[in-house]
Amino acid sequence: MTESTATAHGGELLNLVVNETRAQMLRDVSRGLSSLTLNTRQLSDLELLLNGAFSPLRGFMTSADYESVLDRMQLQNGVLWPLPICLDVSEAEACSLDAGQSVALRDMEGFMVAVLHVEDVWPIDKPREAEIIYGTTDTAHPGVDALFHSYGTHYVGGTVEGVQLPLHFAFKRLRHTPHEMRALFKKLGWRRIVGFQTRNPVHRAQFEMTLRAMDRAKANLLLHPVARRATPGDIDDYTRIRCYQAVSRYYPPNMMLLSLLPLAIRLCGPREALLHAIVRKNYGCTHFIVGRDHASPAPTPNGRRFYEPEAAMKTALSCQEALGIEIIPFEELVYVFEEDAYMPLREVPPQSTVKSLTLEEFHRRLREGKRVPEWFSFPEVIEELQRGYPPRHKQGFTIFCTGLSGAGKSTIARILYARLLEMGGRPVTLLDGDVVRRNLSSELGFSKEHRDINVRRIGFVASEITKNRGIAICAPIAPYAATRRQIRSLIENYGGFVEVYVATPLEVCESRDRKGLYAKARAGLIKGFTGIDDPYEPPTAPEVVIDTTELTPDEAAQEVLLYLERAGYIK
């Protein structure tokens, strides 16, 4: 490819946002339509459908295209397409949808973004999709975990008509549609453009990679980072974008453009690298950088990788002709002390001092308040990151005590509340399950669904406290592992999450039962009581485990405080 106006993927760059006359008609008709409220992931997919980044797709995939993508990595018309772009719905929503029906698609504030003309509704075979798309059914993979625990039960497919693009209120001048970006390339006279995708700040290694790619392709650079987090461990969007703005000053004048991409990351390695290339082709890029571990999740705590480091590069190169964009592969770059420069490992002179730091290790250092080596990044980037991520003893965090009724959670929580207030430095809030039920969830009963809603409300309030650098102490029973996992994921976006499993045995809890609830449950007078006729799912990897059988409440609380000190949350 030599022209930024190269043909879009599939032959035509689409724009699915209708004109104002049609949009007003759709708004009028929508009053009689049922609605689906989309989450941020679904809105991201919808936005890239509407603005043409997912050309040639004209809507969410039907089952025929879905099966074709899974089986052959092609749409039914033979065009290369690596990943399903489908709209997932709950079982209840699926039962209310039929082919031929039109549905209003709304954001979480209720604004209508588009109308979906339903063609197909089908149940998701999640294990099969996970095995084909992610190469595993292991929920340690964040993409598989999201598929199994965050997606609905069914997919709905059909064409969409856009009324307006989803609203964004921050960094508006850094957001472009493919049509706008191509027009800007034309205005600037750029004919060769290399695209660079990232979900992390640009440090010195990535900066060197982009400079080498520009030189190799004789091209200008589109720095095209994803505008939303892929995992809770990622740097938050606002801090990250300010880092991109800071590093942009280091590029040669008039040779780089920064634009934000509202892409929902799947972290499925080789297949996702192909999607990233297709999107950049639609944005007008002629070249695309694919490096080691492209679109791969971080290794598991025991060091297991889900994809080989060079798998994405090999797949992208093998599909280069069908992609219609030139792939620029990059091997690992390392810092060479004597040269004060980054270079490919194979170019390092003999006897040189080589240094490297993984992004995971960098994030750990950042969150623990440890020094970041000067050779790793730019001073402005480190300063921005340290402002957004202060040392742990200044961050917000949540202590989430979970265990059976009578295990001692509430007593431990009250002692921790008093001790942390005594230490001072940060506001502390106690969110006891019963107290929250009285004040925030008084309308709820004790069904499994309602108990789960109460725990989720506690998690949401705790996340807001953590976000504002306070300390939240929660003490619900929280019997379900999936709910606790989702709460952890939410809170870790903003600060620390310390799960305290109060593992007091059932027989001890029963012996402490002053209210006689266990006895009533065993007699059948109370249904769905945790530990009797409703299961408690023990945490698999809590930060702290306490059995209060032989411990006093003060001793149990001390175990938690010692962990907080070791982890750097308190001094």
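This text walks through a predicted model, from its overall build to its sheets and then to its side-chain contacts.

Start with the whole protein. It holds 21 helices and 19 strands. Along its principal axes the C-alpha trace spans about 80 × 70 × 40 Å. Is that the extent of a compact globule? What does the radius of gyration say for 571 residues? A compact globule of that length would come out near 25 Å, and the protein has 26 Å, so the two agree. Burial can be put as a share too: 53% of the 571 residues count as buried. Contacts reach far along the chain. Among those with a separation of 6 or more, 75% join residues 24 or more positions apart.

Now turn to the strands. Strands of a sheet pair through backbone hydrogen bonds, either parallel or antiparallel. Both senses meet at strand 4, residues 102-106. Strand 1 (residues 34-37) pairs with strand 4 in the parallel sense, over four bridges. Strand 5 (residues 112-123) pairs with strand 4 in the antiparallel sense, over five bridges. L105 is a good residue to look for here. The bridge partner of L36 in strand 4 is L105. L105 also stands opposite A114 in strand 5. Strand 4 and strand 5 form a hairpin with five residues between the strands. In that hairpin G110 takes a positive phi near 95°. Is strand 4 enclosed or open? Four of its five residues are buried, so strand 4 is largely enclosed by the rest of the structure.

Move on to a five-stranded sheet. This open sheet has the order 9-8-7-10-11, with parallel pairing. Its edge strands are strand 9 (256-258) and strand 11 (326-330), and each pairs on one side only. Neighbouring strands are turned by 25° against each other on average, direction ignored. At one edge, strand 8 (residues 220-223) and strand 9 run parallel and are joined by three bridges. There L222 stands opposite L257 in strand 9. Helix 7 (residues 178-188) packs on this sheet. The helix touches strand 7 (193-196), strand 8 and strand 9, and its direction makes about 155° with that of strand 9.

Another open sheet of five strands has the order 16-17-15-18-19, again with parallel pairing. Which strands stand at its edges? They are strand 16 (428-432) and strand 19 (544-546). Each has a single partner strand, so one side of each is left without a neighbour in the sheet. The twist averages 15° from one strand to the next. Further in, strand 15 (residues 397-402) and strand 18 (residues 496-502) pair in the parallel sense over six bridges. F397 has G496 as its bridge partner in strand 18. Helix 21 (residues 553-567) packs on the sheet and touches strand 15, strand 18 and strand 19. Its direction makes about 170° with that of strand 19. Helix 18 (residues 481-491) lies across strand 15 and strand 18, running at about 155° to strand 18.

Next, follow one loop residue. H203 is found in the loop between strand 7 and helix 8 (204-217). Is H203 buried or exposed? The relative accessible area of H203 is 1%, so H203 counts as buried. Its contacts beyond four places in sequence are L359, F362, F376, S377, F378, V381 and L385.

Two of those contacts lead into an aromatic cluster. F362 and F376 belong to it, along with Y335, Y342 and W375. The structure holds 18 aromatic pairs. One of them is W375 with F376, an edge-to-face pair at 6.3 Å centre to centre with 80° between the planes. Both of these residues, W375 and F376, are buried.

Finally, look for charged side chains over rings. R216 lies over the face of F330, at 4.6 Å from the ring centre. K467 lies over the face of Y494, at 4.9 Å from the ring centre.

Technical notes
Residues numbered from 1 in each chain as written. Heavy atoms only, no water. Phe/Tyr/Trp six-rings, centres within 6.5 Å; stacked < 30°, edge-to-face > 60°. Buried < 20%, exposed > 50% of the residue type's maximum accessible area, 1.4 Å probe, protein only. Lys NZ or Arg CZ within 6 Å of the ring centre and 35° of its normal. Helix = DSSP H or I, 4+ residues; strand = E, 2+ residues; numbered from the N terminus. Pairing = 2+ DSSP bridges. Axes fitted to C-alpha atoms, helices over the stretch in contact; angles between N-to-C directions. Contact = heavy atoms within 4.5 Å. Rg over C-alpha atoms; globule rule 2.2 N^0.38 Å.
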